[in-house]
Amino acid sequence: MAVAVVAMATQRNLFGVVVLFSIYSFLMATVLFALDAVDVAMTEAAVGAGVSTVLLLGALYLTGGTEAKPLHRPLIPLALAIAVGALLAYGMLGLPAFSDPEAPIHAHVAPRYLGEGLKETGVPNIVTAVLASYRGYDTLGETVVIFTGGAGVIALLRRRRRNGS
Amino acid sequence: MSAFAGHYAYWITIFLMVAGMYILIARGNLLKKLIGLALLQTSVYLLYIAPAKLIGGSAPIIAGGFSTYSNPLPHVLILTAIVVGVATLALGLALVVRIRETYGSIEEDEILALDSADDG
Amino acid sequence: MKDDIILRVIAKLVMPFMLLFALYVQFHGDLGPGGGFQAGVIAAAAIVFYAIIFGLPAGRKLAPEWLVEKILAVGVLLYAGVGIAGLFLGGTYLDYFVLDADPVHGQHRGIFWVEVGVALTVSGTMLKLFYMFAGRGRDGEEL
């Protein structure tokens with residue numbers, strides 16, 4: 001994935017960049033599946049490699065195929081990015097090690113959902129149970145966000161009928 | 001050395017995040033900026049899902065024969081985040097298409113030049 | 001692309017399976033991975049696939065624009081409606097326990113309808129986005 005990302009940064013042909021993005025999404029979905037996040041992997045594969053790529057290709061068709069050569073070397077953004085990376089690395093060292101069963105993330109709310117979820121909702125897939133029942137408000141908000149996104153695109157791209165022509 | 005091996009997933013996440021951020025701020029083409037934003041978002045998914053895994057656990061679907069499950073809560077958050085991300089990407093792309101139709105280009109420098117030529 | 005016979009045959013073979021898989025993912029969201037979002041995206045992808053191979057006007061005949069817009073809105077209304085049904089039946093908003101005599105069965109019903117609402121909105125939005133981007137010719141003229 002790192003190779004794909006570096007290639008994306010340096011490529012100037014935008015069609016190649018979109019194809020690399022699709023490959024990257026598939027690799028991300030595979031990694032997510034290896035991390036036991038099956039719902040998320042399915043969604044990332046369908047959305048990232050499917051819908052996002054189609055929309056990017058559509059927008060690419062409507063705009064144009066190549067990126068212009070940058071006028072000056074982007075040294076300040078590179079330094080800024082590396083500084084942010086260093087800060088993140090410093091903060092990350094305080095996090096628990098990978099797959100530590102004593103980590104706080106596993107200690108408080110998750111055992112209750114895993115233990116009581118099947119009894120209270122009757123649904124074996126705990127992710128669906130939490131999404132649709134325990135955290136139903138959030139999913140309502142998310143559905144409204146998708147609707148708003150669709151409505152926004154309709155508002156931006158709809159053509160008003162020209163009178164007389 | 002254990003700081004490296006125990007936090008391997010986080011190193012990858014940081015690299016992806018920094019790369020996405022770099023593409024977002026360093027490139028002038030609007031379409032490439034949006035792709036950098038999408039990269040930044042996917043690196044955040046990894047940031048959330050990686051700590052949720054328990055080695056030896058299984059996917060969080062209750063079934064006979066499994067005793068440990070990976071943590072389902074970050075999965076829920078990221079499911080929402082993925083779909084919201086695609087809605088954001090769609091709106092951004094619609095804006096880029098409209099900018100192209102109005103200004104004739106999607107390069108940041110050219111758009112700024114056209115704008116200041118209009119004002120001045 | 002509709003003149004290429006291999007693509008046409010493969011599309012006609014594969015598309016019903018894609019739609020069936022979308023329905024399978026939707027209804028088995030309780031027992032395995034899946035649920036509303038994935039099902040909506042896969043269903044939209046099936047129709048996008050058809051529209052790419054057979055041309056946008058054929059796709060528009062299969063799923064007309066006004067229908068897609070209505071489906072978009074109906075999904076959100078369905079979700080909010082399940083919440084209001086909870087209010088009418090005596091519980092709080094989006095309370096599933098009161099939807100049936102047996103609370104666990106009420107949860108099943110609530111989750112089922114909520115997932116259907118989500119799938120409708122997601123599939124409608126993705127399809128509508130594709131129509132908007134693909135139907136706009138270059139330089140803004142109508143296709």
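Here are some questions and answers about a predicted model with chains A, B and C.

Q: How many helices and strands does chain C have?
A: Let's start with the order of the elements: from the N terminus on, chain C runs α-α-α-α-α. Each of those symbols stands for a helix, and the tally for chain C is five helices and zero strands.

Q: Is chain C compact or spread out next to a globule?
A: For 143 residues, the globule rule gives 15 Å. The radius of gyration of chain C is 18 Å, well over that value, so compared with a compact globule chain C is more spread out.

Q: What box do the C-alpha atoms of chain C fill?
A: Picture a box lined up with the principal axes of the chain. Taken that way, the C-alpha atoms of chain C fill roughly 60 × 35 × 20 Å.

Q: What share of the contacts in chain C with a separation of 6 or more comes from residues 24 or more positions apart?
A: Burial first: of the 143 residues of chain C, 43% count as buried. Now take the contacts in chain C with a separation of 6 or more, and pick out those between residues 24 or more positions apart. Their share is 59%.

Q: What about chain A: which percentage of its residues count as buried?
A: Chain A reads α-α-α-α-α-α-α from the N terminus on, which comes to seven helices and zero strands. Among its contacts between residues at least 6 apart in sequence, 37% join residues at least 24 apart. As for burial, out of 165 residues in chain A, the buried part is 39%.

Q: Are helix 7 of chain A and helix 5 of chain C roughly parallel or roughly antiparallel?
A: Helix 7 covers residues 136–157 of chain A, and helix 5 covers residues 103–134 of chain C. Their axes come within 10 Å and cross at roughly 20°. Angles under 35 degrees count as roughly parallel, so helix 7 of chain A and helix 5 of chain C are roughly parallel.

Q: Which class of residue is most at home where those two helices touch: nonpolar, polar or charged?
A: The crossing of helix 7 of chain A and helix 5 of chain C is left-handed. Residues making the contact include A:Ile146, A:Phe147 and A:Val153 on one side, and C:Val118, C:Thr121 and C:Lys128 on the other. By class, the contact has one charged residue, eight polar and 10 nonpolar, so the answer is nonpolar.

Q: Which helix of chain B gives the largest share of the side that touches chain A?
A: In this contact, 69 residues of chain B meet 74 residues of chain A. Helix 1, helix 2, helix 3 and helix 4 of chain B each supply at least two residues of that side. By class, the side of chain B has 51 nonpolar, 11 polar and seven charged residues. The largest share, 21 residues, comes from helix 4.

Q: Is B:Leu79 buried or exposed?
A: B:Leu79 lies in helix 4 of chain B. Leaving out residues up to four places away in sequence, B:Leu79 touches A:Asp39, A:Val40, A:Thr43, A:Leu131 and C:Phe37. The cut-off for burial is 20 or more other C-beta atoms within 10 Å. B:Leu79 has 29 such neighbours, so it counts as buried.

Q: How far apart in space are B:Leu79 and B:Ile14?
A: Along the sequence, B:Leu79 and B:Ile14 are 65 residues apart. In space, going from C-alpha to C-alpha, the distance is 21 Å.

Definitions and conventions:
Residues are numbered from 1 along each chain as its sequence is written. Chains are lettered from A and ligands numbered from 1 in the order in which they are written. This is a predicted model: local features need pLDDT of at least 70, side-chain atom pairs count only at pLDDT 80 or more; totals for chains, interfaces and linings use all residues. Axes are lines fitted to C-alpha atoms, for helices over the stretch in contact, and angles run from 0 to 180 degrees between N-to-C directions. Helices (H or I, at least four residues) and strands (E, at least two) are DSSP runs, numbered from the N terminus. Angles under 35 degrees count as roughly parallel, over 145 as roughly antiparallel, 65 to 115 as roughly perpendicular and the rest as oblique. A crossing is left-handed if the near helix is turned anticlockwise from the far one by less than a right angle, and right-handed if clockwise. Two residues are in contact if their C-beta atoms, placed from the backbone, lie within 7 Å. Ala, Val, Leu, Ile, Met, Phe, Trp, Tyr, Cys and Pro count as nonpolar, Asp, Glu, Lys and Arg as charged, and the others, Gly among them, as polar. The radius of gyration is taken over C-alpha atoms; the globule rule is 2.2 Å times the number of residues to the power 0.38. A residue is buried if 20 or more other C-beta atoms lie within 10 Å of its own, exposed if 12 or fewer, and partly exposed in between; C-beta atoms are placed from the backbone.
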